[in-house]
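Biologist: I am new to reading structures, and I would be grateful for a close look at one part, namely how helices pack against each other. Please go slowly, and then place that part in its surroundings.

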Amino acid sequence: MVLIAEYLEMPSATSNPTNDVAPASTPLCHIVTPVGMLGYGLREDETTAALRHLVATGIPTAMILDSGSTDSGPDRLAEKKLGSPRTAYTRDLRKLLKLVHEFRIPLIFSSAGGCGIDEHVNEIIKIIEEICAEEGNEAYSFNTIGIYSDIDKEVIRERLRAGAVRGCGACVPPLTEEDIDASTQPVAQMGAEPFIDAMKANPNFDVIVGGRAYDPAPYVAYCAYLSNLDLDDWKSPVVQRQWGGFSHMGKILECGGTCAIPKSHGAIATVYRDGGFTISPLTPTARCTPVSVAAHTMYEKTRPDILHGPGGYLDLNVATYEQMSDQRSIKVSGSMFHFLEQDSQPYQVKLEAGAVVGYRSMFMGSVRDPILIKQFESLVDLVKGYAADQHSHVTEKWEFDFHLYGKPDDSNEDTVLSEEIFLIGEALAPTQELATSIAATARIAVMHGSYPGQKATAGNFGFGIGGKSVIELGPCSRFSMYHLMELKDSERGLSMDNNIAIPTTNGVNGNGIHKQRKGLFTQSVSLIGKGERPSARPSFLTTNGHVNGVKSNGANGTTASNGLKPDGLTRPRTLGDLANVVRSKNAGPYEITFDLIFESREAYLKVKESGLLTKKTIARAYSLAESDILWCGYFDPAQAFKATIPRIRAGRRRAGGGFMENDVHGSQQHLALVNIKLPDELVEDLVRWLD
């Protein structure tokens with residue numbers, strides 16, 4: 001059970017109708033993110049306890065969260081699949097709408113349904129309608145906005161021909177018209193502007209269901225809307241600081257409580273008018289530290305200090321992280337946003353799309369015979385040859401390969417012979433029927449292929465998991481778009497008319513008729529539920545005093561010591577012994593990024609001064625050329641080292657997901673760093689310090 005008393009003991013904010021305090025000390029709003037992804041489940045008791053305290057302060061409060069990602073590959077985009085089961089969205093929304101009704105606060109989320117296509121926005125709105133129609137919810141009444149971000153292929157084609165589309169990162173191949181044609185439904189990652197426009201046009205909104213958007217966008221939008229921030233004043237350092245702070249807060253909060261120790265389900269932010277903010281975990285037994293919060297800005301990003309998004313980039317080079325007196329909250333200041341207008345560059349959004357490339361079938365099982373394991377490569381060659389021979393009449397292109405787990409490293413003489421190899425055979429073909437035929441043929445060859453010294457003549461292969469010999473997996477997809485497209489100034493916000501007139505050429509003079517095309521970002525507005533609506537939301541007064549256990553008068557809390565020696569460490573020998581966190585993660589579909597975070601400031605500085613971690617080190621660990629390393633360096637606020645490389649599979653640069661993918665999140669690529677041996681000089685230096 002959540003420790004509700006801990007929330008109730010938090011000092012309450014006091015009203016200040018005169019608004020005579022400095023912007024830095026004036027709370028703008030509270031934001032609660034119950035979980036990092038809608039559909040993953042949330043702890044209603046924790047969220048209720050937090051809202052009960054925060055709403056009582058009289059400061060505007062909202063629940064905001066993310067609902068989508070490309071991390072799990074292109075299938076959602078290519079097949080228009082929901083990211084979580086529909087029942088999971090219904091379960092979470094049932095809890096969240098109850099809180100919206102009880103506390104009269106807005107619920108805002110983006111990238112509805114996983115990939116944020118218009119179809120999924122409408123499906124989530126339909127779920128809200130169904131919940132409002134359930135018995136016991138007769139009092140529900142929600143002014144609901146849907147924001148749409150599907151992009152017409154012809155718009156993309158026009159921009160491509162005009163040279164206004166480029167890859168989002170060095171590893172992304174150029175977009176082609178064939179890619180556009182193959183894409184199922186392109187979407188654009190909206191910035192905050194369409195959300196701001198929707199809020200201004202519908203100030204009595206209760207729920208906003210956003211299409212595909214930059215993850216921090218709804219957070220930025222809510223804060224910008226409340227502060228009446230003027231984006232036309234982008235030259236102003238005040239605006240750059242506000243937009244930067246709102247963006248930084250959103251970047252942290254959109255992952256829920258990942259910034260806490262231990263991880264919390266969700267997190268809470270109190271945002272100030274100058275762009276500063278405090279972060280605390282939703283779970284009362286968790287805490288945030290300067291290192292844990294600073295480290296989260298590294299998560300899933302190519303580099304830790306410059307984070308690109310719609311309209312510019314977030315600059316964290318002078319951001320500060322202070323531990324507050326409650327020892328579980330962090331105050332963040334100094335984040336800045338660099339607008340593209342400052343460089344006379346056009347506004348850009350990221351395009352995303354997937355395309356179906358064929359159909360897959362697979363089989364799986366294991367081999368335990370030590371005689372066969374010693375010569376397993378020969379069996380693999382035999383199986384592939386047999387499948388090719390039996391399908392020599394097929395003119396269409398197809399592929400087959402193995403995922404192998406537990407196979408001994410033939411290049412290492414000291415490798416102990418595996419007792420068992422688990423294998424998955426994966427076939428890709430233009431039709432499901434052909435993919436299944438290839439997989440079934442290969443399975444027969446694995447079962448009954450002969451090899452020198454064979455004694456187990458009844459069969460080579462243990463199978464039958466799930467009761468199926470061959471499993472038909474359905475469509476196989478690839479990312480067909482992950483590119484930046486330039487927008488016109490009028491396109492970054494919401495198109496209130498929903499449709500715009502487009503001239504079509506007719507004749508040599510270029511004159512023509514006008515046809516209707518959907519505006520880039522549009523909205524729908526509907527009143528869902530039959531309950532009586534309150535005349536207005538409670539008015540919110542600017543406050544000072546205490547908010548969420550953190551002094552809001554700008555006073556610095558005590559900074560937690562980062563010089564503690566690691567517990568239980570006597571003589572470290574590898575980076576894995578010394579670093580508190582060693583992780584790998586995808587940074588978009590085309591990159592893998594590595595973070596090494598050190599618990600002790602002293603140990604971090606000794607590693608940094610030793611010169612151990614360089615481009616050369618990373619290149620050697622992953623068999624790359626140094627020129628392949630996309631970014632490599634230290635990040636002092638998080639006591640961390642970071643490196644980013646291209647995603648490589650089978651010796652080639654490839655996007656995440658698709659045929660033969662076995663680690664789409666890239667979370668199992670860190671072991672080469674864990675096992676890097678520390679130089680003797682560094683070990684001796686660390687030992688002297690530990691003693």
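**Helix packing and its surroundings**

Modeller: Of the contacts in the chain between residues at least 6 apart in sequence, 77% join residues that are at least 24 apart. The model you are looking at is predicted, and its pLDDT averages 89 over the chain, with 87% of the residues scoring at least 70. Two stretches call for caution, one of them being residues 1-21, where the pLDDT is below 50 although the model gives this stretch 48 contacts beyond near neighbours in sequence. The other is residues 539-564, where the pLDDT also stays under 50 and the model has 84 contacts beyond four places in sequence. The chain holds 19 helices and 31 strands, and of its 691 residues 56% are buried.

Let us begin with helix α4, which covers residues 86-103, and helix α5, which covers residues 118-132; their axes are 10 Å apart and the two pack at an angle of about 55°. An angle between 35 and 65 degrees is neither roughly parallel nor roughly perpendicular, and α4 and α5 are therefore oblique to each other. The crossing in which α4 passes α5 is right-handed. On the side of α4, the residues that take part are Arg-86, Tyr-89, Thr-90, Leu-93, Arg-94 and Leu-97, and in α5 they meet Glu-123, Ile-124, Lys-126, Ile-127, Ile-128, Glu-130 and Ile-131. Sorted by the character of their side chains, the residues of this contact divide into seven nonpolar, one polar and five charged.

What follows α4 along the chain also deserves attention, since Arg-104 lies in the loop between α4 and β4, a strand of residues 107-114. The phi angle of Arg-104 is near 55°, which is a positive value in a residue other than glycine. Is Arg-104 buried, partly exposed or exposed? With a relative accessible area of 33%, Arg-104 falls between the limits of 20% and 50%, and so it counts as partly exposed.

A second pair to set beside this one is helix α8, residues 193-201, and helix α9, residues 217-227, which pack at about 45° with their axes 8 Å apart. That angle makes α8 oblique to α9, and the crossing of α8 and α9 is right-handed. The contact draws on Phe-195, Ile-196, Met-199 and Lys-200 from α8, while α9 contributes Ala-217, Pro-218, Ala-221, Tyr-222, Ala-224 and Tyr-225. In the contact of α8 with α9, nine residues are nonpolar, none is polar and one is charged.

The third pair joins helix α16, residues 601-610, to helix α19, residues 680-690, whose axes come within 11 Å and cross at roughly 155°. Because angles over 145 degrees count as roughly antiparallel, α16 is roughly antiparallel to α19. The crossing of α16 and α19 is right-handed. Glu-602, Ala-603, Lys-606, Val-607 and Ser-610 make the contact from the α16 side, and Leu-682, Asp-685, Leu-686 and Trp-689 make it from the α19 side. The residues of the contact of α16 with α19 divide into five nonpolar, one polar and three charged.

Some features outside these helix pairs help to fill in the surroundings, and we can start with the loops. Ser-623 sits in the loop between α17, residues 615-621, and β28, residues 631-635, and its phi is near 55°, again a positive value in a residue other than glycine. The relative accessibility of Ser-623 is 71%, so this residue counts as exposed. Another loop, the one between α10 (237-253) and β9 (267-272), holds Pro-262, and a cis peptide bond with omega of about -15° joins Ile-261 to Pro-262.

A strand residue shows what a buried position looks like in this model. Leu-428 belongs to strand β18, residues 421-429, and its relative accessible area is 10%, so Leu-428 is buried. Leaving aside residues up to four places away in sequence, Leu-428 touches Gly-358, Tyr-359, Arg-360, Trp-398, Glu-399, Cys-476 and Phe-659. The C-alpha atom of Leu-428 is separated by 8.9 Å from that of Lys-397, a residue 31 places away along the chain.

Technical notes. Residues numbered from 1 in each chain as written. Predicted model: local features only at pLDDT ≥ 70, side-chain atom pairs only at ≥ 80, totals over all residues. Heavy atoms only, no water. Axes fitted to C-alpha atoms, helices over the stretch in contact; angles between N-to-C directions. Helix = DSSP H or I, 4+ residues; strand = E, 2+ residues; numbered from the N terminus. Parallel < 35°, antiparallel > 145°, perpendicular 65-115°, else oblique. Left-handed = near helix turned anticlockwise from the far one by under 90°. Contact = heavy atoms within 4.5 Å. Nonpolar A, V, L, I, M, F, W, Y, C, P; charged D, E, K, R; others polar. pLDDT = per-residue confidence, 0-100. Buried < 20%, exposed > 50% of the residue type's maximum accessible area, 1.4 Å probe, protein only.
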